[in-house]
Structure formats: C-alpha cells, structure tokens
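Reader: Show me the structure. Then let me ask how each label is earned.

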Amino acid sequence: MTPSLPDPALLLAWYDRHRRVLPWRGDDASRPDPYRVWLSEVMLQQTTVAAVGPRYTRFLARFPDVQALAAAGWEEVAEEWAGLGYYARARNLHAGAKALAAQGFPRTVEGLRAIPGIGPYTASAVAAIAFGQPVVPADGNVERVVARLMREETPLPAAKPRLTALAQGFMAHAAARARPSDFAQALFDLGATICTPRNPACALCPFRDGCSARAAGVQAELPRKTPKRARPTRHGVHFLLFDDAGAILVRRRPPKGLLGGMLEIPGTPWRATAWAAAEALDHAPLPGLAWLPSPGEARHGFTHFELRMTLLTARLPGPTEAPGFAWMDPQAARAAMPSAMHRLLALEAIG
DNA sequence: ATCCAGGTGT
DNA sequence: ACACCTGGAT
C-alpha cells in the first residue's frame with residue numbers, strides 16, 4: 001500500500017505561526033519582488049541561510065534591481081560574489097540579468113527556465129514565490145521532506161525525478177493551490193527547522209501523523225544517498241610577488257571552469273604529483289627572482305579534489321611590467337578573491 | 001581533522 | 001555522469 005501525501009493545510013497553519021523572518025521575505029502580504037526572490041534563491045543554492053543574510057543585503061544595496069545588475073561590469077559582480085563559491089552562478093546571474101533587463105521577468109516555469117542559471121528548481125521557486133504559480137519547487141529540503149512522508153527508499157540522485165513529481169502532488173489540494181508562494185516557503189522552513197537531515201524534530205512536525213517514514217521509525221535514514229567517490233589530492237605552488245610600493249601581482253583566471261573569472265595569486269597548474277622546487281620555478285610570473293618559501297601548506301577542498309598549495313614570496317626593487325598580470329593593493333585583491341586564495345595568503349602572515 | 005550538503009551546466 | 005566551492009556540523 002503506497003502512502004499518500006498529507007493535507008497541505010496542516011503545513012500552512014504551522015507556517016502561519018512559525019515562519020522564519022528572512023531578509024528576502026516581505027513582512028506583509030504583498031507579492032515579493034521577482035528580482036529579490038531570484039537573487040536569494042541563487043545565493044541559497046549553495047550557502048546557508050545564515051551566511052546568505054548579510055551577503056544578500058550587501059549585494060542588493062550595490063545592485064538594487066535587474067537593470068543595475070545588468071549594467072554592472074563583471075569585475076564588480078565578481079567582487080561582490082567573492083567567497084560565496086560556485087562562481088559559475090555569479091556569471092550566470094550576470095548573464096541572466098542582461099536577459100531579464102532586455103525582455104522582462106517571465107512569469108512561467110518554462111519562460112524562467114530559459115534564463116541563464118535558472119534550472120528546474122529556481123524556475124519553480126520564482127514562479128511559485130514571486131508569481132503565485134501552482135508549482136512546488138523541489139530543493140534538497142523538499143526532497144528530504146517528501147522522501148520521508150512517502151518513505152521513498154530509492155537513493156538519491158536516482159530518486160530525484162520521482163520526489164520532484166511527488167512534491168508537485170501537493171498542488172492537487174485546494175489549500176496548496178490557494179497559497180503556492182507560502183506553501184513553497186513553508187516546505188523550506190519545515191525542512192530547515194523540523195525535518196532536518198539528522199535528528200528530525202518529529203514531535204513538532206505538522207505532518208507527524210501523516211509521515212510514512214516516522215510510522216516505520218526510519219525517518220532519520222531517509223533520504224538514502226548513493227556513496228560518493230573519494231577525492232584525489234592535487235598540488236600547486238603559488239608566487240606572491242610584491243613591488244616596491246607594496247602592491248601584489250594577481251591574475252584573472254579563464255572565464256570558465258574552476259574558479260572561472262576570479263582573481264588568483266599566480267601559480268603552477270594543479271596536478272596529482274607534488275612539485276619539485278626547480279620545476280615549479282618554471283611557472284613563476286617573472287624569472288630570476290629570489291623566492292622565499294613560507295612554512296606549511298594551505299589546503300582547500302573542492303567538490304572533486306583536495307588542493308594542497310605552498311607559497312613562495314619575493315619582492316621587487318622597483319615598478320615592473322608583467323604582461324597578463326595586474327598589480328593590486330593586497331586588501332582589495334584579497335576582498336575580490338575566492339576562499340582558496342585566502343587560505344594561501346594566510347601562509348604568508350605566518351612565514 | 002573530517003564529513004557533508006547543495007542546483008545548474010555540460 | 002561529472003564539474004563546480006564553501007561553511008557548518010561532528
């Protein structure tokens with residue numbers, strides 16, 4: 001006997017009492033601004049609510065609407081996104097703003113789906129939250145809630161299409177269709193505060209009596225996931241070069257791929273084997289300098305490999321041309337760099 | 001120190 | 001199927 005979804009009215013009643021106050025949520029019944037919903041959803045794809053809060057506010061202050069973001073240069077957007085990770089999203093956000101500024105905000109899932117960086121989830125989230133369309137956006141939280149309610153034992157990601165379709169089943173109920181925006185956000189709040197990955201607070205859950213996983217006592221084990229492969233290690237040597245005025249030499253990475261479009265400290269390629277000193281020096285930004293090693297190693301975990309970096313530092317006696325590179329104030333450079341480079345620069349403070 | 005979550009593009 | 005980053009939990 002397959003379980004059925006519980007009554008969405010139970011969740012909406014809970015939401016009306018317990019909804020979280022968040023910077024991107026209006027405090028009245030007015031329809032949220034689509035730009036703000038879109039921006040918050042893209043940031044929340046990769047970052048916790050707590051971390052997004054101040055960054056969202058800062059981003060919105062600098063780029064208050066689609067037109068402002070579309071008119072900005074990539075360097076400004078990169079600086080504002082630095083440290084948030086998954087930089088393809090910043091590139092897509094910028095490209096998306098240009099498309100939206102030209103054509104306006106589509107109101108449907110299909111129209112939104114055509115905007116760069118808007119996939120199935122974000123299209124549904126914006127359509128439901130900003131435009132009140134009767135769709136249920138299925139992010140990781142919603143997948144977890146539905147996997148438990150319906151006791152879906154198939155591991156993710158194989159179960160994802162089924163869980164997405166099951167979640168949409170809530171819209172068969174009139175209570176959910178009456179409030180798609182609130183319903184979507186109610187599912188997010190439930191997943192974030194009650195139906196958590198570990199130790200779900202079932203006693204407080206508005207769906208506690210309709211949850212198939214809880215009835216079977218397996219709620220903490222769902223959703224199951226296929227195990228991931230081990231991450232290999234890669235090695236790099238980086239070159240921190242100061243000029244006589246205290247500026248440092250930086251380079252912008254190629255526009256696509258790992259840390260695409262972001263500033264970095266110049267270095268060797270990142271490869272599986274460690275670098276011998278002489279071999280690494282072939283990749284120094286300028287030849288013939290006296291490079292001083294910092295003690296220790298900076299580690300940074302990417303999705304599919306762990307990076308171990310060492311740092312060499314040198315100082316130039318005067319201004320020097322370095323084609324393909326730029327000189328920057330160290331503080332400004334740091335602010336515009338991804339976290340991997342912060343780890344690297346921390347070695348110099350010690351050395 | 002180690003583990004883990006999390007949407008989109010290709 | 002795999003590339004893509006970071007911060008929070010343990």
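The questions below take up labels in this model and the values behind them.

Author: This is a predicted model, in which local features need pLDDT of at least 70, side-chain atom pairs count only at pLDDT 80 or more, and totals for chains, interfaces and linings use all residues. Residues are numbered from 1 along each chain as its sequence is written, and chains are lettered from A and ligands numbered from 1 in the order in which they are written.

Reader: Where is Thr-303?

Author: Thr-303 sits in the loop between strand 5 (298-301) and strand 6 (306-315). Strands (E, at least two residues) and helices (H or I, at least four) are DSSP runs, numbered from the N terminus.

Reader: Why is Thr-303 called exposed?

Author: Count other C-beta atoms within 10 Å, with C-beta placed from the backbone: 20 or more is buried, 12 or fewer is exposed, in between is partly exposed. Thr-303 has 9, so Thr-303 is exposed.

Reader: What lies 7.9 Å from Thr-303, C-alpha to C-alpha?

Author: Arg-231 does, and the two are 72 residues apart in sequence.

Reader: Which residues come nearest to DNA strand C?

Author: Gly-85, Tyr-87, Thr-303, Pro-338 and Ser-339, out of 23 residues around the strand. Near means that the C-beta atom, placed from the backbone, lies within 6 Å. Elements giving two or more residues to this surface are helix 3 (49-62), helix 6 (87-103), strand 5 and helix 16 (339-350).

Reader: What makes up that surface by class?

Author: Eleven nonpolar, eleven polar and one charged residues. Nonpolar covers Ala, Val, Leu, Ile, Met, Phe, Trp, Tyr, Cys and Pro; charged covers Asp, Glu, Lys and Arg; the others, Gly among them, are polar.

Reader: Which omega goes with the cis bond between Leu-156 and Pro-157?

Author: About 5°. Pro-157 is in the loop between helix 9 (140-149) and helix 10 (160-168). The bond from Leu-222 to Pro-223 is also cis, with omega near -5°. Pro-223 lies in the loop between helix 13 (212-216) and strand 1 (233-242).

Reader: What is notable about the phi of Asn-199?

Author: Phi is positive, about 50°, yet Asn-199 is not a glycine. Asn-199 is in the loop between helix 12 (180-193) and helix 13.

Reader: Why is Asn-199 called exposed?

Author: Asn-199 has 8 other C-beta atoms within 10 Å, so the exposed label holds.

Reader: What makes Leu-259 partly exposed?

Author: Leu-259 has 18 such atoms within 10 Å, so the in-between label applies. Leu-259 also has a positive phi, near 50°. Its loop runs between strand 2 (248-252) and strand 3 (263-264).
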